[in-house]
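Let's take a friendly walk through this model, with charged pairs to begin with and the sheet and its helices afterwards. Have your viewer ready.

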Amino acid sequence: MDVKVVIDCDPGLDDAVALILAHRHAEVIGITTVSGNAPLKATTANALLVTALLGADTPVHAGAARPLAGEPVHASEVHGESGLGGAAPVEHERVPASDDAVTFLLEAAGEGVWVLALGPLTNLALAIERDPTWPRRIAGLSLMGGGIGPGNSTAAAEFNVFADPEAAARVFESGADLTMCGLNLTRQLRTGDAFTARLHGLDSPAARFAVPAFDFLHGRVEALTGRRSAALHDPCAVLAVTHPELLVTRPRHVRVELEGRLTRGMTVVDERPLRPAPEANAKVAYTIDAERALDLVVEALAAD
């Protein structure tokens, strides 16, 4: 476990799987939570639940309950009201280490520490506001968000960026060494009933937790799209750091649309063949070895 990471997240099943994957392949020094897939109280409770499931003493720090501008948006139609619809309960007595995620992010920064951003980027934007040098004091930032092509919250915008576009714009403009795992990538890593069948034979706490949650998720996605198949978004941003050889990235200039009536929250990736090319502010992920990535997820869920 050579990589140290802080995970900023809004669990969500795919966040929960990403947390399990990260604890297997990295040293997770802390978790910060944000409003996103569910309200902050629920996402914080879900992060605590996952640490209890893993028997990990990773501190959880609650963060922003609302975006920089506008009202919170959630994804209950996919993840359920709790954010972990269908998941098996985990009894525990854990409580957050603090309600000040931003201070933890600032204090945790250091050489070799990566930040994995798996939800709306509000906490990170607030950290940058307090200390503009913060992005350069971390090893790098791997985020699940944005994308090239169709969105999922709107025709143009991915959920994490759409939930707080002002925060996302601030992060992309911050000078961080940033890797963007957007929908164009994460939609390549898919689960379905065949994936769940692989988990049925596993006698581990994480697998027993995950099977009913994936069944719930696949049912919700089938109702929305007609396909009993879901993208496993957030683990991609973990693998970009722990197993970078599985991804192909290219340097690109990315901006976040804030004003468009139909395009607010869109990540505009400049792919024009200009010479010289526009100055890159992100490494944009284009492909992932989905077969190997799914194997790593199953291995993580199988671990005791």
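Glu-166 is partly exposed, with 24% relative accessible area; here buried means under 20%, exposed over 50% and partly exposed in between, using a 1.4 Å probe and protein chains only. This is a predicted model, in which local features need pLDDT of at least 70 and side-chain atom pairs count only at pLDDT 80 or more, while totals for chains, interfaces and linings use all residues. Residues are numbered from 1 along each chain as its sequence is written, and side-chain values use heavy atoms, with hydrogens and water left out.

The side chain of Glu-166 meets that of Arg-264 in a salt bridge, 2.9 Å from N to O. The term stands for a side-chain nitrogen of Lys or Arg within 4 Å of a carboxyl oxygen of Asp or Glu. Because Glu-166 lies in helix α8 (residues 165-172) and Arg-264 in the loop between β9 (247-256) and β10 (267-270), the pair ties together parts that are 98 residues apart in sequence. Helices (H or I, at least four residues) and strands (E, at least two) are DSSP runs, numbered from the N terminus. Arg-264 is partly exposed too, at 27% relative accessibility.

The structure holds 11 salt bridges, among them these:

| Acidic residue | Basic residue | N to O distance |
|---|---|---|
| Glu-166 | Arg-264 | 2.9 Å |
| Asp-295 | Arg-198 | 3.0 Å |
| Asp-270 | Arg-272 | 2.7 Å |

Which helices does the pair of Asp-295 and Arg-198 link? Asp-295 sits in helix α13 (residues 290-302) and Arg-198 in helix α10 (residues 193-200), 97 residues apart. Asp-295 is partly exposed at 25% relative accessibility, and Arg-198 is partly exposed at 38%. In the pair of Arg-272 and Asp-270, the aspartate counts as buried, with 18% relative accessibility. Salt bridges with shared partners also join Asp-193, Glu-222 and Arg-228 into one network.

Now to the sheet. It is open and has 9 strands in the order β3-β2-β1-β4-β5-β6-β11-β9-β10, with mixed pairing; two strands pair if DSSP finds at least two bridges between them. At the edges are β3 (60-62) and β10, each pairing on one side only. Neighbouring strands are turned by 30° against each other on average, direction ignored. Axes are lines fitted to C-alpha atoms, for helices over the stretch in contact, and angles run from 0 to 180 degrees between N-to-C directions. β9 and β10 pair in the antiparallel sense over 4 bridges, and Arg-255 has Val-268 in β10 as its bridge partner.

Helix α2 packs on the sheet, touching β2 (27-33) and β3, and its direction makes about 160° with that of β2. Contact means heavy atoms within 4.5 Å. Helix α12 (residues 235-242) also packs on the sheet, where it touches β4 (113-117), β5 (140-144), β6 (178-181), β9 and β11 (282-288). The direction of α12 makes about 155° with that of β5.

Is Thr-43, a residue of helix α2 (residues 40-54), buried or exposed? Thr-43 is buried, with a relative accessible area of 0%. Leaving aside residues up to four places away in sequence, Thr-43 touches Asp-10, Pro-11, Thr-33, Val-34 and Ala-38. A polar atom of the Thr-43 side chain lies 3.1 Å from the backbone oxygen of Val-34, and the backbone oxygen of Leu-40 lies 3.1 Å from a polar atom of that side chain.

Conventions
A polar contact is a pair of N or O atoms within 3.5 Å; within protein, one must be able to donate a hydrogen and the other to accept it, and residues adjacent in sequence count only if both atoms are side-chain atoms.
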